[in-house]
Amino acid sequence: MRLNLFLRAVYRVAYLNLLWIATTALGLVVFGIGPASYAVAAYIDGWFRRGETPPVTAAFIGHLRTRYWHAAAMGWILLAATAIIVTNIFTGSSWLLQFANVIALVVISIIASYVFAVMAATDIRSIPRQIVAALLIGIGSLHWTIVAAAAVVGIAWLLATCALPVLVMFGVGIPAAAVGFITRIVFGQLDDAQTSPPTPRETSPAHPHLARGTSQ
């Protein structure tokens, strides 16, 4: 039974990865990468945090339709910021400017890793606040971020060396699952903090509320 559950989970991650590739390609990257990333993050959030495993295709398409333009706009912002930073790295006039842009690229990578999970799991609506929340989660759980990043890079290197077709099947699913494990811990702690009775010294919490249900 455990082996069967494990293999079904592997299949589900691989299928989400294929749906992400297909959606990104059909959207010519610019119109597809944001909504596809949101749909994957939303499915994994429901799966990891609430144990929901609806049919993958139907749930993925449902998440795409739910917040398509909002997720697309987030993708445009991340793509534009990444393009500017990478250009500055290779065309910078001084090593100090290049180093600053490398740091900025790391920050953008952290935001891109968590922002779609924030969009899927919380009731934060504005793009600037979602970006700030994603950065706070990444920095606040920096030890988990570093461990997950090292594990993803190690697995990707191993698959690229020994089984490149497998990397194509799981290239997005592996980091998405790693982010899902981290956000399960972070959002679980947030959920516990929201449901616990307040003490006399507590004021209204400043944490974002977690969204309920399979989609908005």
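**A first look at an all-helix pattern**

Reader: Across positions with a separation of 6 or more, what share of the contacts comes from residues 24 or more positions apart?

Author: Keep in mind that this is a predicted model. Take the contacts in the protein chain with a separation of 6 or more, then pick out those between residues 24 or more positions apart. That share is 70%.

Reader: How many helices and how many strands does the protein chain have?

Author: Reading along the sequence, you meet the pattern α-α-α-α-α-α-α-α-α. Counting up, the protein chain has zero strands, and its helices number nine.

Reader: What percentage of the residues count as buried?

Author: A residue counts as buried when its relative accessible area is under 20%. The protein chain has 216 residues, and the portion that counts as buried is 38%.

Reader: And how much of the accessible surface belongs to carbon and sulfur atoms?

Author: Start from the whole accessible surface of the protein chain, which comes to about 12,400 Å². The part belonging to carbon and sulfur atoms is 73%.

Reader: Are H2 and H4 roughly parallel or roughly perpendicular to each other?

Author: Helix H2 covers residues 33-50 and helix H4 covers residues 68-91, and their axes lie 6 Å apart. The two pack at an angle of about 115 degrees. Angles of 65 to 115 degrees count as roughly perpendicular. H2 and H4 are therefore roughly perpendicular.

Reader: Is the crossing of H2 and H4 left-handed or right-handed, and which residues make the contact?

Author: The crossing of H2 and H4 is right-handed. From H2, the contact is made by Ile33, Gly34, Pro35 and Tyr38. From H4 come Tyr68, Ala71, Ala72, Gly75 and Leu79.

Methods
Residues numbered from 1 in each chain as written. Predicted model: local features only at pLDDT ≥ 70, side-chain atom pairs only at ≥ 80, totals over all residues. Heavy atoms only, no water. Helix = DSSP H or I, 4+ residues; strand = E, 2+ residues; numbered from the N terminus. Buried < 20%, exposed > 50% of the residue type's maximum accessible area, 1.4 Å probe, protein only. Contact = heavy atoms within 4.5 Å. Areas by Shrake-Rupley, 256 points an atom, 1.4 Å probe, with all protein chains shown as cover. Axes fitted to C-alpha atoms, helices over the stretch in contact; angles between N-to-C directions. Parallel < 35°, antiparallel > 145°, perpendicular 65-115°, else oblique. Left-handed = near helix turned anticlockwise from the far one by under 90°.
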